[in-house]
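Welcome to this guided tour. Keep your viewer open, and at each stop select what is named before reading on.

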Amino acid sequence: MTRFALTFVVTCWLAACDSKDWEAAGFQDGYAATVNTTCNFRATMIHGKYDNADYTKGYSRGSQAGALAVANQGCERLK
């Protein structure tokens, strides 16, 4: 019984390792990369987890939002 409980606890703990909100991380990365590249602000480090569907979806949405922000507000207002 003790062995089962220990195995269960370890399994649950390991399953929680990738519980990050990858769509939100992708959105932030896409937005920052687009704005920084378009406006020549600085290089942007991103997670780059393109094999994750949620990350890729968020990155695409963030990139579109970043392009729209540059188009509407201009680079000077986004610094």
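## First stop: an exposed asparagine

Start by selecting asparagine 40, which is exposed, with a relative accessible area of 67%. Your selection sits in the loop between H2 and H3. Now look at the backbone here: asparagine 40 has a positive phi of about 55°, although it is not a glycine. For background, most residues other than glycine have a negative phi. Before you move on, please keep in mind that you are looking at a predicted model.

## Step back: the whole chain

Clear the selection and show the protein as a cartoon. How many helices and strands are there in the protein? You should find 4 helices and 0 strands, and reading along the sequence gives the pattern α-α-α-α.

Next, colour the model by confidence. The protein has a mean pLDDT of 85, with 77% of its residues reaching 70 or more. Where is confidence lowest, and where is it highest? Helix H1 (residues 2-15) has the lowest confidence, at a mean of 61, while H3 has the highest, at 96.

Switch to a surface view for a moment. The accessible surface of the protein comes to about 5,900 Å², and carbon and sulfur atoms account for 58% of that surface. Of the 79 residues in the protein, 23% are buried. As for contacts between residues at least 6 apart in sequence, 68% of them join residues at least 24 apart.

## Second stop: the disulfide

Return to the loop between H2 and H3 and select cysteine 39, which lies there, together with cysteine 75 in helix H4 (residues 75-78). These two cysteines are joined by a disulfide, with an S to S distance of 2.0 Å. A search of the whole structure finds 1 disulfide. In general terms, a disulfide is a covalent bond between the sulfur atoms of two cysteines.

What does the pair of cysteine 39 and cysteine 75 tie together? Because cysteine 39 is in the loop and cysteine 75 is in H4, the pair ties together parts that are 36 residues apart in sequence. Look along the S-S bond of cysteine 39 and cysteine 75: the torsion is about -80°, so the disulfide is left-handed.

Are the two partners buried or exposed? Cysteine 39 counts as buried, at 11% relative accessibility, whereas cysteine 75 counts as partly exposed, at 24%.

## Third stop: along helix H2

Select residues 22-38 to light up helix H2, and pick out asparagine 36 within that helix. Asparagine 36 is buried, because its relative accessible area is 7% and the cut-off for buried is under 20%. Leaving out residues up to four places away in sequence, asparagine 36 touches Phe41, Arg42 and Thr44.

Now find glutamine 28, also in helix H2. Glutamine 28 is exposed, with a relative accessible area of 54%. Add arginine 61 to the selection: the C-alpha atoms of glutamine 28 and arginine 61 are separated by 9.3 Å, although the two residues are 33 apart along the chain.

## Fourth stop: the nonpolar core

Which residues make up the largest nonpolar core? Select Trp22, Ala25, Ala33, Tyr55 and Tyr59, the 5 residues that form this core. H2 and helix H3 (53-73) each supply at least two residues of the core, and the largest share, 3 residues, comes from H2.

Zoom in on tyrosine 59. Neighbours within four places in sequence aside, tyrosine 59 is in contact with Gly26, Phe27, Asp29, Gly30, Ala33, Ile46 and Tyr50.

## Last stop: the aromatic rings

Show the side chains of Trp22, Tyr50, Tyr55 and Tyr59, which ring pairs link into a cluster. The whole structure holds 4 aromatic pairs. One of them is formed by tyrosine 50 and tyrosine 55, an edge-to-face pair at 5.7 Å centre to centre, with 75° between the planes. Turn to tyrosine 50 and tyrosine 59: their ring centres are 5.6 Å apart and their planes are at 75°, so this pair is edge-to-face.

Finally, compare tyrosine 50 and tyrosine 55 in the surface view. Tyrosine 50 is partly exposed, with a relative accessible area of 46%, whereas tyrosine 55 counts as buried, at 0% relative accessibility.

Definitions and conventions:
Residues are numbered from 1 along each chain as its sequence is written. This is a predicted model: local features need pLDDT of at least 70, side-chain atom pairs count only at pLDDT 80 or more; totals for chains, interfaces and linings use all residues. Side-chain values use heavy atoms; hydrogens and water are left out. Buried means under 20% relative accessible area, exposed over 50%, partly exposed in between (1.4 Å probe, protein chains only). Contact means heavy atoms within 4.5 Å. A nonpolar core is a set of buried Ala, Val, Leu, Ile, Met, Phe, Trp, Tyr and Cys residues joined through side-chain atoms within 4.5 Å. A disulfide is a pair of cysteine sulfur atoms within 2.5 Å. Accessible areas come from the Shrake-Rupley method with a 1.4 Å probe; for residues, only the protein chains shown count as cover. pLDDT is the predictor's confidence in each residue, from 0 to 100. Rings of Phe, Tyr and Trp (its six-membered ring) pair if their centres lie within 6.5 Å; planes under 30 degrees apart count as stacked, over 60 as edge-to-face and the rest as tilted.
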